[in-house]
Structure formats: structure tokens, C-alpha cells
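Please find below a short note for a first-year reader who is opening this structure for the first time. The points may be read in order, with the structure kept in view.

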Amino acid sequence: MPNKFDNLNLSPFAREILNDAHQIATILRHEFIMPEHFMMAATSLCNLSNEGNKFHKKFDKISEEINEILNTHIPQLENEVEPVLSNLMNKVLKTARKIIQQEKDVPIPATAIVIAIMNTQECICNQIIATHIKENELADVLNFIMSLDGKSLRGLDLDNEDFSSSRQQNDWAKYLIDLNIYRSDKYMDIIGRKKEMQRLAQILCRCDKNNALMVGEPGVGKSAIIRGFAVRLDLFPKKIAQLPIYELSITSILANAQYQGDVEQRISATMEGIKRLGGGIIVIDDIHILAGSKGDANGSRDLTGMLIPYLDDDTLRFIGITTFEDITRHLDSHTRFLRRFRRIDIDEPSQQEAIEILNGVKRKYEKFHNIRIAPGVTERAVKLGKRFLSSKALPDSAIDILDEAGAYRELNPLKGYKKQVVHNELVDTIVAQLGNVDTKIIDENDTTPLRNLDKNMKDNIFGQDEAIKQVVEAVLTARAGLTDDHKPQASLLFVGPTGVGKTEVAKVLAEELGVTLHKFDMSEYSESYSVSKLIGSSPGYVGYEEGGRLTEAVRKNPHCVLLLDEIEKAHEKVYDSLLQVMDYASLTDSRGRKVDFSHAIIIMTSNSGAQYAKQAGIGFGSTVTTGQAMLTEVKKTFKPEFINRLSGIVVFNDMSRDMATLILNKKIAELNSRLRERNVEISLTPEAHNWLLEHGFSAKYGAREIERVITHNLKPLLVNEILFGKLAKKGSAEISIVDEKLTLSIKK
């Protein structure tokens, strides 16, 4: 397009560069031609002329880095468009005309445009150029570019005040991230959040305290709101619309600060530099870091104090970003600093809003992973992200699911598809991975595990059919959605003598449902201070950073069976915390974070009243079980408000001889299963089976006595033969009774 930019009165080389910049923007499907397109084209054309070009490698590096920015930071339109000059590029050309100090009929050389780009602080390629072109190389580079244009440097005002200070400006500009790229050319937009952006603009337009502090959980979209605000900035009143917007990079400010005062000097130089340019809006992500950054060998120091004068400056506006946890931990005590901000709480979007957000960004992930996201996937990602990834906020959790699904499909392509597709089934698989849950509980339409729950549990737990029935009913009621959404799925108290299967029921239930089992021995929490072990230590105490055992376990695996063994041994303060869990399905840890228990099945076991269990058999024809006798004592042990919050109290039967026989058979079958891995099998004579039953059956100690008899009497007979004897490779053995003792004999 040789005549496309003739109306701009450019030199032949400058026009050639701009034509190439136009072609680059067209190929990348960018709506506007930016200074970055111009610099990428300029460095590429410069490298086509090898004569006298000693900056070949430097130009290559500059071109590569600008290309990466254009490909990753500037969204592409779906269809090819005819790009036009951006507002910023027009500003650059006006500056170039001013630099050559000639009449309008003199063509603008390429060198003047390059100098103008280096003068324009909003250009994001400035820092890249400054990184690769040193101060003492600048004149040679400009001369080389001008030589390709057939001109000299005569007529260029290199002593121009703006230009002479540009290299010095770049020293502090490297601590800024330019957000103006989102602004003039409408590169992106954001779905919703108009209320928050309106509030943000209202605060920035104030006369006093015109700084905003955005507070929200990680992942709710605080940074996205800032980008959307930059897009709409020109639509707001002139007092803020005319200001450029930058992000202060705290990590760059703190990096390699070796000496006392380095960090303060960098912040001061950056603020003063922005003021010299006429002011601006400064975004500080993770602003709480300023309250205690590690700046020197003497420990952390407070940097908020030195920022206060700039917060009061009329030419500057600040937008701080932080989380609820960090503002509590780091900034609450800095009242002088905080009172200069107006706070905006950024809540998690609703599921419908999150779906709209995902529909807006899914094109980005389809292009990146070269996939197609099937209809309904965004809705399912939001629904499952909310349910199974509750430790993350929407839309972040749902976006993670889409991104992971795209990456999975790239690594595991479907055969026979030209365009790889992400379906709902893959979303379920990804959620199972990220949420650490079994896929069988994700598909709500698959009720097979629930339909067989009662049978499968009775196959593993013997003699406790009534207890299992109550547990299964509670679980099915919760899964049917007939319980309160703001309560745990079930809160059950298991009562019965030791060894009758209370803990085993919890283990089998977790296995059948495909969820994690979190077990806590409550005898460890019998002291008043032990509640801090569960929810975390208070600030200033040992273990504060580690969090609580209970809260951290449920945060990582919210879909779980939570087993609190021997609950009666816990301290009363632990009961107080559990009341909140059973009532509202949430618990706030010591760091102010809410943990969701709505997907947990809480099972508490109790041996309370075991000393009164013998009363169960007193009297002629008594039918009172040990568990029922214990239940009376349990109701005396626990407070009424605790009992009232339970979904149910499950009473377990006493150990009977029939139960013991079934348990013994199960234990022998489990032992044979392990032996088969060594090609070994054992069988018991009826006498040996009866011997184990007689010595293992105990109404007082339950099934645990059977386990002890097998461990101490049967297994030792096998050890030597398996390791050193006739069963070392394979074989069969029979267990019999000789002289009232178990004896092993090898079968041929």
C-alpha cells in the first residue's frame, strides 16, 4: 500500500515502516496501529540492511520482545479488520513534527518518530528499548536509522528538554506498568462490574481523600475491574479522563534494593516523575506489602508513611488492591494511611454473572489451546467451580477449570476430530482433579453409588443395620436437596461401646461416597487452649502462619466425612466452635478466613457413660442395650443446644457372637487377600476357627479383640515360613489346633 499514508507527509523510509506496521496489525487482527507496531517494523527493516549495522542482535531482541507483548497483551478481534492509527500513534506523529522544528511541508523522518516514541511515556516499548540500547549507543543508533532514510541528524532537536530527560525518565519508568494500552483503543472490555467502576470513578473525582482501596477475596476479579476501568476511563469526567493510568510494580521497587533508602528513593523518584508529566492514576496491587516489606538486613520496615504526602497531592490518584485477610493482618493499624482511602468491597459475582464473564473470555482460551468449548460448558464450569472448588472465588475457579480442560485436551486429543472439543464430561474430570474428589459424586444424574449405599455398607459392617439405616437416610436426604443449604449435609452423634463399628462406619461411608475422611482424635483437644490447634493460633503466637488443623483440612477437601472421635473428651471451647459449624456450616479461622462446611458429613463418636453400660443387663428380662444405657448418660454430658443441632443420634448395638463370627470371617478373608500377593493361601479347621472366636469375642472390647488375637496368635505362625521356610515362594497352609494352641501345617 505505497500511498496509504501519503497524507501524513512522511519520509520514504518512515512511510515504509508505517506500511509494515499496518501489515503487522492486520495479520494480528488488531484494530489499531500502535507505536509498538511501528517499532517492531522499524527494527525488522533496519536489520534488512546489514551494511554498517552493528546493532543487529539488539534490534532482534527488541523486535522479539515487542512481538511477545503484541501477541499476549493485545486481544485479537475475531475477524480481520482494517487497522487505523491509534490516538497514541497520532500523538507520537505530532511530537515528531515538533521535534524536527520545520514547516509542515518537510517530511517527517523515521528517526524523529523513534525519538517521539521514546519521549511518549505511555508507550510500553520504551522500557524494552532502554533495556537494550545503552546511553552511549543512542546517538549511533539514531544515526544508523537516519542513514537508511538518506538524511542526517541536522534539524533534529536532540537537546530538546523532553528528549534529553527521557533516558533519565526511563530509570524510574521501569517501576511502572503501563495500563494505557487498554484505554484509547478499546482492546478489551469487562462483563458487568459497572457498579464497582462507577463507585471507583466517584471516589477519584472527589476533592479530598480521592484514593480508592479495592478489597476482595483472591479471584473475584479486582485486577479485571481495573483493566475495565482503564477501557472506560475516557467516558468519565475530564478531571480523571485526562490522567494517564499506571500500575506501580512493587516487586520491581523491592528488587535488588541493597542499601538503606534504596526503596524509598525509587518510590520517591517514580512519584516525582509522574508529577512532572502532569500527574496520573497509580494502581498499587498488593498494597499491604508497603506496610512491611523486607527492605534491609534489620528486618521489615513501613513504607506507608512516605507515601502519605503523595496521597494528599492533587495531581495524583491512587487505587490500592488487597484482600480482606491482608488488610486485617497488615493495614488495620495504619490509620493515618487508611483514612486517605475510600474502601470498595468487591464481592464474588453471582453464578449468572460468572457465566457471562466466562462467555466473554472463552474465546481467549479457545484460541490459546486451539480448541472449541462446547455449548453448556461455561455454565457447568461455573456450577461445579462454586460447588467443588469453594476455596477459590468465582470467576477464578471456573476460569481455572476452562484453562485446565484446554490444556488436558491439547495433551490428550480426541481421535477423529479436526477441531478438539471440550465437553461437559471433561469438565467433570478436571473438577475431580482440582477438587480432589471422586468423579462419581460430581455427576448428579448418576445415583448408582447412592442407590447401593445401604447394601454396600451392610456388606462391610455387621450387626449394625439400624445404625447404618439412619446414616444412609441422613446422607440421601442431604443429597436430595431437602436439607438446609446453610448447614452441613449431616451432623451425627454415634453412641455405643468400644469396638462395635462406630469409626468403621465413618471410614466405609467415606469410601462409598468417594470423599476424603478427616479424622480427629478429640482427646488431643481437652485443654482450653487446644481450640487454637483446630482453627489456628491468634496473631503473635506460635503457629499463626500455619493455620488450624481442622480449618485447613476442610479448606483443602471440603467434600469429606469429618470424624471427631471420642467427642466427649474435648474441651467446652471446642463445643462452642462446633455449634457454629453445625448451625451455619462455616467456621472463621484465626486469620479471618471463612471455611465452608456445607459439603461435609460430620460424625462424632462418644463412649460417654461406658462405666454405666453394665446397667443395661440388670433386671429380669431386660432388653436395654449397652448403647441405649449410654445414650441416657450422653444426654447428661452434652448441653441441650449441642444435642438440638444434631441431625440425629445413632445408637450402636452391643457386640454379639454372631457379629464376632462375621467380623472374624472378614478379617481372615482380608489376610488371605494380602497373602495371595505372595502366592500363599491359608485355611482354618473348624476347631481353629472356634479357637480364634472364643479368644477374640469380647462384649467389652468388641471387634478390636479379634484383631489382636489374629495379630498376636495367627500371624506369627506365618512370618518365618513366608520369609525363610516352605512358603517363601508359594504354597498353601492349614491352621489347626494341637494341644490347645494354633498350629500351622504346609499342604502339598
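**Notes on a predicted model**

1. In this predicted model, isoleucine 682 has alanine 733, in strand 21, as its bridge partner. Helix 32, residues 686–696, packs on the sheet and touches strand 20, strand 21 and strand 22. The direction of helix 32 makes about 65 degrees with that of strand 21.

2. The pairing deserves a closer look. Strands of a sheet pair through backbone hydrogen bonds, and they may do so in parallel or antiparallel fashion. Here strand 20 and strand 21 (residues 731–738) run parallel and are joined by five bridges. The sheet as a whole is open, contains three strands in the order 20-21-22, and shows mixed pairing. Strand 20 (680–684) and strand 22 (741–747) each have a single partner strand, so each stands at an edge with one side lacking a neighbour in the sheet. On average, neighbouring strands of this sheet are turned by 30 degrees against each other, direction ignored.

3. Which residues have the most contacts inside the largest nonpolar core? They are Leu509 and Leu714, in a core of 83 residues. Not counting residues up to four places away in sequence, leucine 509 touches Leu453, Met457, Val471, Val475, Val561, Ile601 and Ile603. Another core, of 82 residues, lies apart from this one and includes Phe59, Ala116, Cys125 and Leu233.

4. The cysteines should be read with care. A search of the whole structure finds zero disulfides. For cysteine 123, the closest cysteine sulfur is that of cysteine 125, at 5.2 Å; no bond is assigned because this is too far, a disulfide being a pair of cysteine sulfur atoms within 2.5 Å. Both residues are nevertheless buried: cysteine 123 has a relative accessibility of 3%, and cysteine 125 has a relative accessible area of 0%.

5. Is glutamate 137 buried or exposed? Its relative accessibility is 19%, and it therefore counts as buried, since the cut-off is under 20% relative accessible area. Glutamate 137 lies in the loop between helix 6 (126–132) and helix 7 (138–148). Its side chain reaches the backbone nitrogen of lysine 134 at 3.0 Å. If neighbours within four places in sequence are left aside, glutamate 137 is in contact with Phe55, Lys58 and His132.

6. Leucine 402 offers an example from within a helix. It is found in helix 20, residues 396–411, and with a relative accessibility of 2% it counts as buried. Leaving aside neighbours within four places in sequence, its contacts are Leu358, Lys362, Ile373, Val377, Thr378 and Ala381. Alanine 381 is 21 residues from leucine 402 along the chain, and the C-alpha atoms of the two are separated by 7.1 Å.

7. Why is helix 11 described as largely enclosed by the rest of the structure? The reason is that seven of the ten residues of this helix (residues 222–231) are buried. The buried residues are Lys222, Ile225, Ile226, Gly228, Phe229, Ala230 and Val231.

Notes. Residues numbered from 1 in each chain as written. Predicted model: local features only at pLDDT ≥ 70, side-chain atom pairs only at ≥ 80, totals over all residues. Heavy atoms only, no water. Pairing = 2+ DSSP bridges. Helix = DSSP H or I, 4+ residues; strand = E, 2+ residues; numbered from the N terminus. Axes fitted to C-alpha atoms, helices over the stretch in contact; angles between N-to-C directions. Contact = heavy atoms within 4.5 Å. Buried < 20%, exposed > 50% of the residue type's maximum accessible area, 1.4 Å probe, protein only. Polar contact = N/O pair within 3.5 Å; in protein donor to acceptor, adjacent residues only side chain to side chain. Core = buried A, V, L, I, M, F, W, Y, C linked by side-chain atoms within 4.5 Å.
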